[in-house]
Amino acid sequence: MRRCAAVLAALALAGGLTACGGGDDGDRGLGSAGGDAGDSVPTRVATTRVEVLRQLSGGRFDPSAIYAREAPGVVTVISLFEGDREDATPTGAEGLGSGFVIDAAGRIATNAHVVTNGTGGSVRAAKTVYVQFADGNQVPAEIVGTDLNSDVALIQVDPRDLTLRPLPLGSSRALTVGAPVAAIGSPFGEPQSLSVGVISGTNRTIDSLNSGETGAGRFAIGGAIQTDAAINHGNSGGPLVDADGRVIGINAQIQTTGGGGEGVGFAIPVDTVRRSLEQLRAKGSVDYAWIGVSTVPVFPQLARRFELPSEQGALVQSVTEDGPAADAGLTAGDGGDEAFQASRFRVDGDVITRLDGRAITQHYDLATAIADRAPGEVVSLEVWRDGERRTVQVTLGTRPG
């Protein structure tokens, strides 16, 4: 472990998402004790210790209490993409991130980009993954599955002889800007590090690892949480928790011009994470519904300038050929782009104002509405075209890989 810590520190100084792992499995204490044939030795029983977390008292943000309660459930994740555990060296073929325990079976949530390289069709999984716990114990892990669309991964360790402290999952549906939060992880290879701040924005859009097929575009992650709690390389995959110690997101990305944390970090919302983990646990992959359009939000000034039928909704800019929306007859129109407020818009296409009766707004946009559905579901869209309102039934497809 001292060798690993030293290499982690050296890699952290280089400023990369790299780490080391390795070590014989013989010191893990898994299985039963052995001896010479014929010796009478007691059988060693492997056990798992699970610590159930008590609810923190509400009403006060106490970083020390949050850390004492949550940190033992946060882990460092070390991914090797070349070689094996015996010959692994810091050659740039390793990845370092964070994660957190979610149940007594040894399942751990992290980011997909912590245990994979590349995007879209070029993604490759790590050859070997190790998990380092707060007590210094380091064990191998299996990748159960990855969700490139939401940048979520589920990995699992053998829980025998481990002390596990699963972190409770909260909700990301009613987050408020200004609410205090804490991030725990391994920035630059420094394990069990705490940073605090506030939610500085909600409903942000960040890149996913799914680049999409030709013509299908690059899919984004909606509803992301923006925070000014310091997030740096190595924090990826660690939890963002609220004042009650509940996980509200997985720390995933930073906005930077110099390579370090500059007060703008982003976390995958826990409601999205929960959906991913449920499917990854069940089948090792995650399916997303797909409608096959690109849209821009309608706002009052845009609606007035081009005499659109509604001051809110989704203005269709393009329709994927042979996609679900195209099959249902949605159209982006055949006119040219119009300039308005330093942007260009195709304004003669359909305006989608409702999905299954619920209004499409800035905070409940079309992408968010579709993300809650499953492939094969039929949704009813209220669509305005040429000044007339109509209802269009769309059978959702599966998002391209």
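Okay, before anything else, one definition: a residue is buried when its relative accessible area is under 20%, exposed when that area is over 50%, and partly exposed in between. Tyrosine 67 therefore goes down as partly exposed, since its relative accessible area is 29%. And please keep in mind that everything today comes from a predicted model.

Let's stay with tyrosine 67 for a moment. You'll find this residue in helix α2. Which residues does tyrosine 67 touch, once we leave aside neighbours within four places in sequence? They are Pro72, Gln192 and Leu194. There's also a long-range relationship here: tyrosine 67 and serine 193 are 126 residues apart along the chain, yet 9.0 Å separates their C-alpha atoms.

Now the overall picture. The protein chain has seven helices and 26 strands. Of its 401 residues, 46% are buried. If you take contacts between residues at least 6 apart in sequence, 63% of them join residues at least 24 apart. For the surface people, the accessible area is about 18,300 Å², and carbon and sulfur atoms account for 47% of that.

How far should we trust it? The average pLDDT for the protein chain is 84, and 80% of the residues score at least 70. The stretch to be wary of is residues 1-42, where pLDDT stays under 50. The model has 68 contacts beyond four places in sequence for that stretch.

On to the barrel. Six strands close up in the order β11-β12-β13-β16-β15-β14, with antiparallel pairing. Going from one strand to the next, the twist averages 50°. Take one pair from that ring: β14, residues 239-241, runs antiparallel to β15 and is joined to it by three bridges. One of the residues involved is proline 239, whose bridge partner in β15 is isoleucine 250. Two helices to point out on this sheet. Helix α2, residues 63-70, packs on it and touches β11, β12 and β14, with its direction at about 85° to that of β12. Then α4 packs on the sheet too, touching β15 and β16, and its direction makes about 50° with that of β16.

Let me say more about α4. The helix covers residues 270-283, so to speak 14 residues, and spans 20 Å from first C-alpha to last, close to the 20 Å expected at 1.5 Å a residue. Which residues of α4 are buried? Val270, Val273, Arg275, Ser276, Leu277, Gln279 and Leu280. Those buried residues pack against several elements, including β4, β8, β9 and α7. Just after α4 comes glycine 284, with a positive phi near 80°.

Since β4 came up, let's look at that strand. Both of its faces are covered: Arg107 and Ala109 are buried on one side, Ile108 and Thr110 on the other. β4 has antiparallel pairing with β3, residues 94-101, over two bridges, and there phenylalanine 100 is partnered with alanine 109. The hairpin of β3 and β4 has five residues between the strands, and glycine 106 in it takes a positive phi near 90°. β4 is also joined to β9, again antiparallel, by four bridges. In that pairing, isoleucine 108 has isoleucine 155 as its bridge partner.

Back in β3, have a look at serine 98, which sits in that strand. Is serine 98 buried or exposed? Its relative accessibility is 0%, so it counts as buried. Beyond four places in sequence, serine 98 touches a whole list of residues, among them Val75, Thr76, Thr110, Gly185, Ser186 and Asn235.

Last topic: backbone oddities. Most residues other than glycine have a negative phi. Phenylalanine 188 is not a glycine, and yet its phi is positive, about 55°. This residue is in the loop between β11 and β12, and at 27% relative accessibility it counts as partly exposed. Where does glutamine 341 lie? In the loop between β20 and β21. Glutamine 341 also has a positive phi, near 50°. With 52% relative accessibility, glutamine 341 counts as exposed, because the cut-off for that is over 50%.

That's my tour, so over to you.

Terms used. Residues are numbered from 1 along each chain as its sequence is written. This is a predicted model: local features need pLDDT of at least 70, side-chain atom pairs count only at pLDDT 80 or more; totals for chains, interfaces and linings use all residues. Side-chain values use heavy atoms; hydrogens and water are left out. Buried means under 20% relative accessible area, exposed over 50%, partly exposed in between (1.4 Å probe, protein chains only). Contact means heavy atoms within 4.5 Å. Accessible areas come from the Shrake-Rupley method with a 1.4 Å probe; for residues, only the protein chains shown count as cover. The expected span of a helix is 1.5 Å times one less than its number of residues. Two strands pair if DSSP finds at least two bridges between them. Axes are lines fitted to C-alpha atoms, for helices over the stretch in contact, and angles run from 0 to 180 degrees between N-to-C directions. pLDDT is the predictor's confidence in each residue, from 0 to 100.
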